[in-house]
Amino acid sequence: MQVANKELMRAMNRDNVLRTIRLQGDISRKEIAAQTGLGQSTVTDITAALISEGLIFEKATPGKHTGRPPILLALNPDGTFVVGAYISSGTISVVVINLEARVMGSHALPLDETITTPDEIADRVAEAVRTCCTRHGFIPEDISGLGLGIPGLVNSDDGLIHFHPGFNKGFDWTDVPFGHLVEQRTGFQTFIENSSNTLAIYEHWFGAARGIDNFFVTTLEHGIGLGLYVNGALVRGWQGIAGEFGHVRGDSRESTCRCGMKGCLEAMASPHAILKEAQKAAHAGRWQPPSNETITLEDIITAAENGEIVLQEIFTSAGTILGQRIADLTRILDPETIIITGKSNLAKDMLFEPLAQAMEACTSEVFRTTPKLIISPWQEENYARGAGALVLQKLHQNCPI
Ligand SMILES: [Zn+2]
């Protein structure tokens, strides 16, 4: 027990030192000790290990100095590389990133609808990862690990997918050891995580929530997800499936959700729900889509922007319900920042004006300040970057000494 505690303490100290260097940029050992509260000798030991691993390096201070110039430490952005992959229903997006999450190479592999079993999907993931590395000149020795961002119910600690909303049709995806399946095929140490959580890790480390310890990211994709940080830590919950924001109650309507329940937020305000409502309106002759065969979210946005009132009302309704439920979360969690991202963001003000109005209607002056609301542009690649950031997080916490 004592050994375990000692290892945990070392991992936390190492994470703390790396985090300080990452956030501060060039910094001396003395300043690291002052900021982290660690002893000088602990900082010296940890930084020596990080230098030998190539994760940080020593820099001389520029300019003139009297006496010996202070030695500063900085993150070595190309000290190692990791691979991140996002597995949605139709595509596997892969990126190779450096320690600053800069994309060094990317690749997207379309997923055929007929491929649905865990082994088949794991084969495709391995193929996409191999192609991405080879095309961009990386050999296996350059890569420190692989992170997978996956929509659905994912237990990161056990490497299990409990439920995947896209692949579940016709094949049992209950408790699939997906991390292990991909690790066997790629040879890379593999971590899996819910894709909204990987985005939250990315935002906390490199994005709009850098230096912010209380925030959440709401993802409006096929479904609705939530990546949540409280007091600087990602909230995973008891079973690793916290943040299923899409499956809280939307309102009193009885739309059936993909999870089997009725009235879920996702069944009335996700892009999928917006599409279903627009299809119903088209079948009822209330608007004329460009093609009756397939209607896309982009078709609906364009038609709504061109004045289709029935479609504008669908966005207003979805935005209002989302705003009300986000306001509920805000009351419970008191976040400093809220980030909203996902494909729905293409609808811009048609969705976000009613959303902001609904949030405004659900607050009062007694709650002091309202959180900063950031509408982040939709970029599918960010999920893969987030999955890579998951590996960087594990790497930071790894304690080889
Ligand atoms: Zn549901």
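Residues count as partly exposed when their relative accessible area falls between the buried range, under 20%, and the exposed range, over 50%. Lys59, with a relative accessible area of 30%, is therefore partly exposed. The structure examined here is a predicted model, and Lys59 offers a handy way into its charged contacts.

Lys59 forms a salt bridge with Asp26, and the closest N and O atoms of the pair are 2.9 Å apart. Lys59 belongs to strand 2 (residues 56–60), whereas Asp26 sits in the loop between helix 1 and strand 1 (27–28), so the contact ties together parts that are 33 residues apart in sequence. Asp26 is likewise partly exposed, its relative accessible area being 41%.

In total, the count comes to ten salt bridges. Another of them joins Arg19 to Asp213, with 3.4 Å between the closest N and O atoms. This pair links distant parts of the chain: Arg19 is in helix 1 (residues 2–24) and Asp213 is in the loop between helix 6 (195–205) and strand 11 (215–220), 194 residues apart. Arg19 has a relative accessible area of 27% and is partly exposed; Asp213, at 28%, is partly exposed as well.

A salt bridge within a single helix is found between the side chains of Glu277 and Lys280, where the N to O distance is 3.2 Å. Both residues lie in helix 8 (residues 271–283), three residues apart, which is about one turn of the helix. Glu277 is partly exposed, with a relative accessible area of 30%, while Lys280 is exposed, at 55%. Salt bridges also link Asp119, Asp123 and Arg185 in a network.

Some acidic residues are grouped in another way. Asp157, Asp158, Asp172 and Asp175 gather on the surface in a patch of negative charge. Asp158, one of these four, is placed in the loop between strand 8 (153–155) and strand 9 (160–163). The relative accessible area of Asp158 is 52%, over the 50% cut-off, and the residue is therefore exposed.

The cysteines come next. A disulfide is a covalent bond between the sulfur atoms of two cysteines. The structure holds zero disulfides, and two cysteines help to show why. For Cys132, the closest cysteine sulfur is that of Cys133, at 5.8 Å; a disulfide requires the sulfur atoms to be within 2.5 Å, so this separation is too far for a bond. Cys362 has its closest cysteine sulfur in Cys264, at 19 Å, which is also too far for a bond. The surroundings of Cys132 and Cys362 can be compared too: Cys132 is buried, at 0% relative accessibility, whereas Cys362 is partly exposed, with a relative accessible area of 31%.

Finally, strand 11 contains Phe216. Is Phe216 buried or exposed? With a relative accessibility of 0%, Phe216 counts as buried. The C-alpha atom of Phe216 is separated by 9.6 Å from that of Gly243, a residue 27 positions away along the chain.

Note on methods. Residues numbered from 1 in each chain as written. Predicted model: local features only at pLDDT ≥ 70, side-chain atom pairs only at ≥ 80, totals over all residues. Heavy atoms only, no water. Patch = residues over 30% accessible without salt bridge, like charges linked within 9 Å, V, L, I, M, F, W, Y side chains within 5 Å. Areas by Shrake-Rupley, 256 points an atom, 1.4 Å probe, with all protein chains shown as cover. Lys, Arg positive; Asp, Glu negative; His and termini not counted. Charge placed at Lys NZ, Arg CZ, Asp CG, Glu CD. Helix = DSSP H or I, 4+ residues; strand = E, 2+ residues; numbered from the N terminus. Buried < 20%, exposed > 50% of the residue type's maximum accessible area, 1.4 Å probe, protein only.
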